[in-house]
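Welcome! Here is a short briefing to read alongside the sequence and the 3D view.

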Amino acid sequence: MQPERESFAKNNAQMRKGILEYCILLILNQKRSYSADLLQSLKDHNLIVVEGTLYPLLSRLRKDKFLDYSWEENTQGPPRKYYVLTEKGYKWLTELSATWRSMRDAILDLERSTGNFPSPAPFEKREGEGQFIERHNEDEAEQPGEEPEQSDNQ
């Protein structure tokens, strides 16, 4: 895998892990759920999670008393463990929700104020400088031997 792709995959995984707790609490706030139901609900919303990620998180949330579970008989197999949100979990969910909304609004505001998403135009870094210079087309590129334009505040 190319370094850029590895970095993207790692960042993507970290971002997903960071919001997974919030997503689980959101689901459990609506209804008690069996672990397979949690996985399916996350998958239905394009948040693909494997059991190896889910179970340790559920255990930690239970240890922190944000959720609890009960065993229920299943006519089609062994008993199932159904998870429910506790009062402490609900309070934590309201805090996470406020934090999420605040961050989401700040990011959307930043995207709007900077023209939404990064420009598809290529960027280059001038040697010895810490700034990236946007290049929209070849006509704007500096010709070899030309000095870069200096700004008034240098």
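**Pockets, sheet and salt bridges**

By class, eight nonpolar, one polar and two charged residues make up the lining of the second largest pocket. Please keep in mind that this is a predicted model. The points below begin with that pocket, then turn to the largest one, the sheet and the charged pairs.

**The second largest pocket**

- The volume of the second largest pocket is about 150 Å³.
- Its lining consists of A13, R16, K17, I19, L20, C23, L47, I48, V49, V50 and T53.
- Helix α1 gives the largest share of this lining, with six residues.

**The largest pocket**

- The largest pocket holds about 390 Å³ of space. It is lined by 14 residues, and those closest to its centre are M15, I19, W100, M103 and I107.
- I19 is a good residue to find in the viewer: it is among the residues closest to the centre of the largest pocket, and it also lines the second largest pocket.
- Two helices, α1 (3-30) and α4 (87-113), each supply at least two residues of the lining of the largest pocket.
- The largest share of that lining comes from α4, which provides eight residues.
- Sorted by class, the lining of the largest pocket has eight nonpolar, two polar and four charged residues.

**The sheet and the helix across it**

- Three strands make an open sheet, with antiparallel pairing and the order β1-β3-β2. The edge strands, each pairing on one side only, are β1 (33-34) and β2 (67-74).
- Strand β3 (residues 77-85) runs antiparallel to β2, and seven bridges join the two.
- To see this pairing at one position, look for E72, which stands opposite R80 in β3.
- Helix α3 (residues 51-63) lies across β2 and β3, and its direction makes an angle of about 120° with β2.

**Salt bridges**

- Side chains of opposite charge can pair when their charged atoms come close.
- How many salt bridges does the structure hold? There are six.
- In one salt bridge, R60 pairs with E21, and their closest N and O atoms are 2.5 Å apart. Because R60 lies in helix α3 and E21 in helix α1, this pair ties together parts that are 39 residues apart in sequence.
- Helix α1 therefore holds a partner in this salt bridge, E21, and also contributes to the lining of the largest pocket.

Note on methods. Residues numbered from 1 in each chain as written. Predicted model: local features only at pLDDT ≥ 70, side-chain atom pairs only at ≥ 80, totals over all residues. Heavy atoms only, no water. 1 Å grid on protein atoms, 1.4 Å probe; cavity = no way out; pocket = protein on both sides within 12 Å on 5 of 7 lines; lining within 4 Å. Points joined across faces, edges and corners; volume = space filled by probe spheres on them. Helix = DSSP H or I, 4+ residues; strand = E, 2+ residues; numbered from the N terminus. Nonpolar A, V, L, I, M, F, W, Y, C, P; charged D, E, K, R; others polar. Pairing = 2+ DSSP bridges. Contact = heavy atoms within 4.5 Å. Axes fitted to C-alpha atoms, helices over the stretch in contact; angles between N-to-C directions. Salt bridge = Lys/Arg side-chain N within 4 Å of Asp/Glu carboxyl O.
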